[in-house]
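Reader: I keep running into labels in structure descriptions and never know where they come from. Can we go through some together?

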Amino acid sequence: MTRKNKFGIAPLETKSMGVAKTRTRPPGPMGAAVREAAGSLQEATEVKLEQRKQNATDAKELRAAREEGRVLERIPLDQVDISDLPRDRMDLDGVLAADEMEELITSIRSRGQKEPAELYEGAGGQLHLKTGYRRLMALKTLYAETRDEAFGALLARVDRKASDRLGRYIDMVEENVVREDLTFAEMAQVAITAAADEGVAEQSATAMVNQLYGALHKMKRSHIRNFVQLLETFGDLLIAPKLVPRNTGTELIRALQADRIDVEDLRRRLGDCSDAETQNKVMGQVVKEDRATQKPRVAKRTPARQKFEFHVGASKVTARKGEFRIVSDTDYAGIGQEDLARAVAAFEAALKARKSG
């Protein structure tokens, strides 16, 4: 049925009458510009949103790394405190006067600080030195000499997380222990100092050795414990504890533990010493005297075990004290326990008859 308007005129019929035709006309210059601008704006917005997400992630990771001390920072020298954590060196003045210190100053002067120090954040945001005492003092020397800002800051990792005090002691000694740069006396002194620190859980200096030096071989820990006892007993009289030879200190303490030396006499003799060489001679003489009183140990000789082998037919026989073994192709398990028992009884009877005959 054809629809007509009020004038009775019907629309012209075409072959495509059943399909609605869509008018297609390209947008004008203004429309194209608007559409292009809208597309660019959408794309730019998506990029910005993605960039903001990435920035937020990066900022979060950076904060975490900074708090954990994984980011290198330049800290002005006057902001670094060295008094909170006792140093693991007994003779700091000697360290600063050593040839190695002059070499470090020369290296930093020409190439800058290459190895970062380690700091930790204390109460109120104060930064305290954990490791890197020599690097800090070298930079202070250079800055005082040159006033060059290149030497006015310490390159360091800063640990801003709350940490137990014992962990800070461990971190402090770990670097020098790995480099084998500490003597047994110095390592023992760290254990004594840490045990007396109010911020560390109460325990003896001897027990503290395992806490601080758990990664070391048990023999080294044993030497450190010996020097702990040496310092606790004679430390107030020793002129140069770190110069005490390992063997001298160890043998002296073993004699002390066995109650073979007169402690008061040794303390008196050490008190009369005027230098480290005399100090070591006195302790060495006590050790020598103790050795002379000990009976020499005679090594027990273990008699060699006799063993011989021979063949009987196709069987190989091995004989030694307490053992008589037969190896052959025979299936002894298939023979039966009673027959084997009779064979063994006959074997033993033959041996007894030989002895009695």
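Author: Sure, let's start with a cut-off: a residue is buried under 20% relative accessible area, exposed over 50%, and partly exposed in between. Keep in mind that this is a predicted model.

Reader: Why is Leu340 called partly exposed?

Author: Leu340 has 31% relative accessibility, and partly exposed covers values between 20% and 50%, so Leu340 gets that label. You'll find Leu340 in helix H12.

Reader: What makes Leu340 part of a nonpolar patch on the surface?

Author: Patch residues need over 30% relative accessible area and no salt bridge, and nonpolar side chains are joined within 5 Å. Leu340, at 31%, is over that area cut-off. Its patch also includes Phe308, Tyr332 and Phe347, and the patch residues have about 840 Å² of accessible area together.

Reader: Which elements each supply at least two residues of the patch?

Author: Those are strand E6 (307–312), strand E8 (323–327) and helix H12 (337–356).

Reader: How do you know that the side chains alternate along strand E1?

Author: Look at which way they point: Glu73 and Ile75 point to one face and are buried, while Leu72, Arg74 and Pro76 point to the other and are not.

Reader: And what makes E1 and E5 a pair?

Author: Two strands pair if there are at least two bridges between them. E1 and E5 have 5 bridges, in the antiparallel sense, so they count as paired. One example: the bridge partner of Leu72 in E5 is Arg157.

Reader: How many helices and strands are there in the protein?

Author: There are 12 helices and 8 strands. Of the 357 residues, 29% count as buried.

Methods:
Residues are numbered from 1 along each chain as its sequence is written. This is a predicted model: local features need pLDDT of at least 70, side-chain atom pairs count only at pLDDT 80 or more; totals for chains, interfaces and linings use all residues. Side-chain values use heavy atoms; hydrogens and water are left out. Patches are made of residues with over 30% relative accessible area and no salt bridge: like charges are joined within 9 Å, nonpolar side chains (Val, Leu, Ile, Met, Phe, Trp, Tyr) within 5 Å. Accessible areas come from the Shrake-Rupley method with a 1.4 Å probe; for residues, only the protein chains shown count as cover. A salt bridge is a side-chain nitrogen of Lys or Arg within 4 Å of a carboxyl oxygen of Asp or Glu. Helices (H or I, at least four residues) and strands (E, at least two) are DSSP runs, numbered from the N terminus. Buried means under 20% relative accessible area, exposed over 50%, partly exposed in between (1.4 Å probe, protein chains only).
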